Amino acid sequence: MAKRSKNLLKTDPTRTITLRNRAVGEINRRYTKVQRLVTESIVTNKIFSNVRALDQNDFVFLRSPDKLEAFDVWLNSVMNEIILGGNATPNSAQLNWMLQYFKESYTRGVKKTNNNFAGIYGRNQIPNRVDVFSIPYHISKTSLLFTRDFAQLKGITDGVSQQLSFYLSEGLLKGQNPNKIAKTLNERIDVIGKTRSRLLARTEIINIHNLGMVNEGQALGELLGENVYYEWITAEDIKVRDSHISRNNKFHTFERVSQLIGEPNCRCATPAIPESQLPEGAKVIGK
Ligand SMILES: [Zn+2]
């Protein structure tokens with residue numbers, strides 16, 4: 001039992017697995033809600049109730065393209081509400097639900113570095129970051145990132161809309177029955193919406209956690225007048241990519257580590273180490 005939990009911790013250097021799982025759970029719940037609405041709309045909504053009567057020689061949707069149009073408009077409003085609700089402003093009360101996980105991850109990264117430094121230098125030298133997102137430096141460090149992440153989420157929902165539009169028109173053209181069309185559309189929501197959103201969330205929660213650690217490291221380094229470096233810690237299991245194995249337990253400059261973090265599905269962590277705390281003879285890569 002003890003061995004098992006130790007291994008689990010080792011495979012998760014950023015200690016964000018619970019946060020990632022919560023995000024994935026919410027992604028699944030939200031897209032499943034969209035799927036239920038799609039099924040309801042296709043199978044029981046009046047707009048599509050005569051789909052059953054279509055046959056291949058009767059391109060009904062061409063004569064009534066407004067059916068497709070109406071579905072697109074409806075789907076976009078559903079996505080805007082369920083997936084794209086809120087905004088990308090880090091310190092806004094209306095922050096988008098997925099970005100709230102990113103915000104929490106960034107906060108944790110900042111606090112880890114902050115607490116580590118406080119342990120070394122004492123609280124009288126290290127300001128306590130009670131509310132990370134009341135600090136202009138951290139707001140400015142996350143604004144562009146959140147805007148980009150929100151755009152990526154929007155890109156995913158656009159992909160879903162395009163696919164659904166295509167498969168709906170195809171279903172109409174082929175005279176498929178509404179249950180079959182709804183099933184196809186829901187499969188596309190699984191493949192495009194859920195899968196891509198989960199990859200985005202998993203990757204970004206770790207990336208942003210590391211950015212929190214790195215940005216706070218830079219801020220405290222400046223405050224202390226000391227160089228700060230970043231140790232690369234991998235999960236040390238078979239899933240770690242070779243290029244990351246070679247970085248393991250090595251120290252990197254801010255410039256270098258900033259370039260390296262954020263690869264899809266990377267689980268590595270990059271804790272901040274003040275120069276005075278580097279092990280004897282440690283070499284810093286990128287210096
Ligand atoms: Zn990695």
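N249 is exposed, with 11 other C-beta atoms within 10 Å, and this residue offers a convenient way into a model that, it should be said at once, is predicted. N249 lies in the loop between helix 8 (242-245) and strand 2, and its phi is near 60 degrees, a positive value in a residue other than glycine. Most residues other than glycine have a negative phi. A second asparagine can be described in similar terms: N265, in the loop between helix 9 (254-260) and strand 3, also has a positive phi, of about 60 degrees, although it is not a glycine. N265 counts as exposed, because it has 10 C-beta neighbours inside 10 Å, where the limit for an exposed residue is 12 or fewer.

From these two loops the view can widen to the whole chain, which has nine helices and four strands. Followed along the sequence, these elements come in the pattern α-α-α-α-α-α-α-β-α-β-α-β-β. Of the 287 residues in the chain, 35% are buried. Among the contacts with a separation of 6 or more, 78% are between residues 24 or more positions apart.

The strands form an open sheet of four, in the order 3-1-2-4, with mixed pairing. Strand 3 (272-274) and strand 4 (284-285) stand at the edges with a single partner strand each, so that one side of each has no neighbour in the sheet. Strand 1 (residues 228-231) runs antiparallel to strand 3, and three bridges join the two. Within this pairing V228 is opposite P274 of strand 3, while Y230 has A272 of strand 3 as its bridge partner. Strand 1 also runs antiparallel to strand 2 (residues 251-252), to which two bridges join it. Here Y230 appears again, standing opposite H252 in strand 2, so a reader who locates Y230 in the structure can trace its partners in strand 3 and in strand 2. As a general point, the side chains in a regular strand alternate between the two faces of the sheet.

Turning to the helices, a useful place to begin is helix 5, which covers residues 97-121. Does the span of helix 5 agree or disagree with its 25 residues? At 1.5 Å a residue, helix 5 should span 36 Å, and because its end C-alpha atoms are 36 Å apart, the two values agree. Just after helix 5 comes G122, which takes a positive phi of about 90 degrees.

Helix 5 packs with helix 6 (residues 136-173) at an angle of about 145 degrees, and the axes of the two helices are 11 Å apart. The crossing in which helix 5 passes helix 6 is right-handed. On the side of helix 5, the residues that take part are M98, L99, F102, Y106 and V110, and they meet H138, T142, F146, D149, F150 and L153 in helix 6. Sorted by class, this contact has eight nonpolar, two polar and one charged residues. An α-helix has 3.6 residues a turn, so residues three or four places apart point the same way.

Helix 5 also meets helix 7 (residues 178-224), where the axes come within 7 Å and cross at roughly 35 degrees. This crossing, too, is right-handed. By class, the contact of helix 5 with helix 7 has 14 nonpolar, nine polar and four charged residues.

Helix 7 contains G193, a residue that links several parts of the picture. Is G193 buried or exposed? G193 counts as buried, because it has 27 C-beta neighbours inside 10 Å, and the limit for a buried residue is 20 or more. Leaving aside residues up to four places away in sequence, G193 touches Y31, I156 and V160. The C-alpha atoms of G193 and I83 are separated by 9.7 Å, although the two residues are 110 residues apart along the chain. D158, whose place is in helix 6, is 35 residues from G193 in sequence, and the distance between them in space is 9.4 Å, C-alpha to C-alpha. Unlike G193, which counts as buried, D158 is partly exposed, with 13 other C-beta atoms within 10 Å.

Conventions: Residues are numbered from 1 along each chain as its sequence is written. This is a predicted model: local features need pLDDT of at least 70, side-chain atom pairs count only at pLDDT 80 or more; totals for chains, interfaces and linings use all residues. Axes are lines fitted to C-alpha atoms, for helices over the stretch in contact, and angles run from 0 to 180 degrees between N-to-C directions. A crossing is left-handed if the near helix is turned anticlockwise from the far one by less than a right angle, and right-handed if clockwise. Two residues are in contact if their C-beta atoms, placed from the backbone, lie within 7 Å. Ala, Val, Leu, Ile, Met, Phe, Trp, Tyr, Cys and Pro count as nonpolar, Asp, Glu, Lys and Arg as charged, and the others, Gly among them, as polar. The expected span of a helix is 1.5 Å times one less than its number of residues. Two strands pair if DSSP finds at least two bridges between them.
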